[in-house]
Amino acid sequence: MKLLVCISKTPDTTSKISFTPDGSKFNDAGIAFIMNPYDEWYALVRACELVEKNVGTVTLINVGGADNDQIIRKGLAIGATDAVRVDAEPKSALFIAKQIAEHAKSQNYDLIFCGKESIDYNGSEVGAMVAEFLDLPFVSYASKLEVNGGTSTVERDIEGGVETLEVSGPFVVSAAKGLAEQRIPNMMGIMKAKSKPFTVVAPVAFPDLAVPVSYTLPKEKTGVKLVSPDNMEELVRLLHEEAKVI
Amino acid sequence: MVLVFAEAIKGQFKKAAFEAVTYGAQTAQLLGSQCVALTLGDVQNAGQLGVYGANKVLNINGAAFENFDSQVFASAIAQATEKLGATVVVLSHTSTGKSLLGRLAARLNAGSVAGAKSLPDVSGGGFKVTKGVYSGKAIATYEISSPIKLISLAGNEIPLKATGNEVAVETLEVSAPASKVKVLSVKRQEGIVPLPEATTVVSAGRGMKGPENWGIVEDLAKVMGATTACSRPVADADWRPHHEHVGQTGVAIRPNLYIAIGISGAIQHLAGVNQSKVIVVINKDPEAPFFKAADYGVVGDLFEVVPKLTAAMEKFKAA
């Protein structure tokens, strides 16, 4: 079984988000970066579980600069076999997907994993793009995945429910909560990661067709209006007359 | 021309489809162009999309569209885009739309904005659209530079506008690729509005002390016609089903009204609910961080406050 897991680097979930004064760039001062939680907790761990149960390899791929090596090493420590970093600034989803597809097209992966979305741009786009570039099926929001030979059974979250699918042959899957449980890398994993194959490749040329040009922060809440716990009629009145939401 | 894919579930449109058509019609107006709505498979009363501003409604029928497969659907929408020469394609930012957007971008070599929250700014011949980023903690303006522009519209952002009349539905033919995906079963909760579509959400957390106490939350939700939700610890402890979990790793929601009961408001929880228009927090701890993100707050024992709120709501609804 030959698996590929696409990982991205995002600010830690507890980060306070701010931008440069002109609003053109993310301000990364004091920000701790992590592997995108959906990529790490669900996509990567499920991929590792599948090769542990059967036989095979898990390759990590990331598009980014050398400062991403730290999260790639963590992925190797969690259990991936080897890693590829495409050395380019990841500015747009389609550019990233193109780089991943370029790597994957000659590798005959059985499954390509990604997280359901990254917690910075929240687009859910890259997985579907990779699938289209490679002409593969795409199953998003998988909360359960079993592989039996060339056929896989997937449960995916849909609005207000769950869909169960059977997919034949290779496909791209995006991972949601439930697909696996978070793993903390142990000392042995961390030591082994240091000697696992890790290659850096140059990107292929591809234009950025949609890019963020400016950022703003949402309007601050003007402050909470406290209502007495003994006067719920007042809360109802406020929601109706002032907030106009009921 | 603006092409809108109006998605249907079991042949019926959801609000998201009407919002997408409203958005497409308003975008077409900005561009001095026409709005065409596209439906796939057996759809009931597709002509009603004209009411929301579609100048034309097209249907591609066939057994291939009975169940959702992004490969088959994206192929049909891409063929329609090319046949019609559409320059803007609008989808809904739903589980379906999200699976299609990236595929269409790769196939049509088009820039895309996932989860748009505003109409495009087309001044100076540009095309700029805003969307939430950093899990709702910020808003980014994207510029799309490709000849074809792709947008998936976030839910509950564009007020529906019924401006037109029903139109006749025309048929379009495309070739559908064979599907490699077989749908074995679809289980949907019947009789409730799914969280991503809910306009009012009543949510509760660890302050409830145990699953046996959820009756008061359900009572309030029932009176308000709201959908129930919960925080992560509650879902992790199996007090409530996994699909009710809202937050960073659960469902991200953007209702008009979010009532948080006994939830402290960890930053990961806020990331999933901070795009709600109005937030009410009920918590006995006045220092709970959630109060900083709230519009209205009640400091008190939820076991007393919630039944009182339910009673007040009942009185209001009856009036």
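How many bridges join strand 13 of chain A to strand 17 of chain B, and do these strands run parallel or antiparallel? In this predicted model, two bridges join them, and the two strands run parallel. One residue pair can be named here: A:K225 has B:Y296 as its bridge partner in strand 17 of chain B.

**The shared sheet**

This pairing belongs to an open sheet of six strands with parallel pairing. The order of the strands is 13(A)-17(B)-16(B)-15(B)-13(B)-14(B). Strand 13 of chain A and strand 14 of chain B stand at the edges with a single partner strand each, so one side of each is left without a neighbour in the sheet. Strand 14 of chain B is joined to strand 13 of chain B by four bridges, and these two strands also run parallel. Within that pairing, B:T227 in strand 14 of chain B is the bridge partner of B:V201.

The residue ranges of several strands of the sheet are listed below.

| Strand | Chain | Residues |
|---|---|---|
| Strand 13 | chain A | 225–226 |
| Strand 13 | chain B | 200–204 |
| Strand 14 | chain B | 227–230 |
| Strand 15 | chain B | 257–261 |
| Strand 16 | chain B | 278–283 |
| Strand 17 | chain B | 296–299 |

Helix 7 of chain B, residues 302–318, lies across strands 15, 16 and 17 of chain B. The helix runs at about 135° to strand 16 of chain B.

**The contact between the chains**

The contact between the two chains involves 66 residues of chain A and 76 residues of chain B. On the side of chain B that touches chain A, helix 3 of chain B (residues 95–108) supplies the largest share, with nine residues. By class, this side of chain B comprises 36 nonpolar, 25 polar and 15 charged residues.

**The domains of chain B**

Chain B is divided into domain 1, covering 2–171, and domain 2, covering 195–318. The C-alpha centres of these two domains of chain B are 32 Å apart. Contact between them involves 11 residues of domain 1 of chain B and 10 residues of domain 2 of chain B. The side of domain 1 of chain B that touches domain 2 of chain B has six polar, three charged and two nonpolar residues.

**Chain A as a whole**

Chain A contains six helices and 13 strands. Its C-alpha trace spans about 65 × 45 × 40 Å along the principal axes. Of the 246 residues of chain A, 50% count as buried. Among contacts in chain A with a separation of 6 or more, 71% are between residues 24 or more positions apart.

How values were computed:
Residues numbered from 1 in each chain as written. Chains lettered and ligands numbered in written order. Predicted model: local features only at pLDDT ≥ 70, side-chain atom pairs only at ≥ 80, totals over all residues. Domains from an automatic or database assignment. Contact = placed C-beta atoms within 7 Å. Nonpolar A, V, L, I, M, F, W, Y, C, P; charged D, E, K, R; others polar. Pairing = 2+ DSSP bridges. Axes fitted to C-alpha atoms, helices over the stretch in contact; angles between N-to-C directions. Buried ≥ 20, exposed ≤ 12 C-beta atoms within 10 Å, placed from the backbone.
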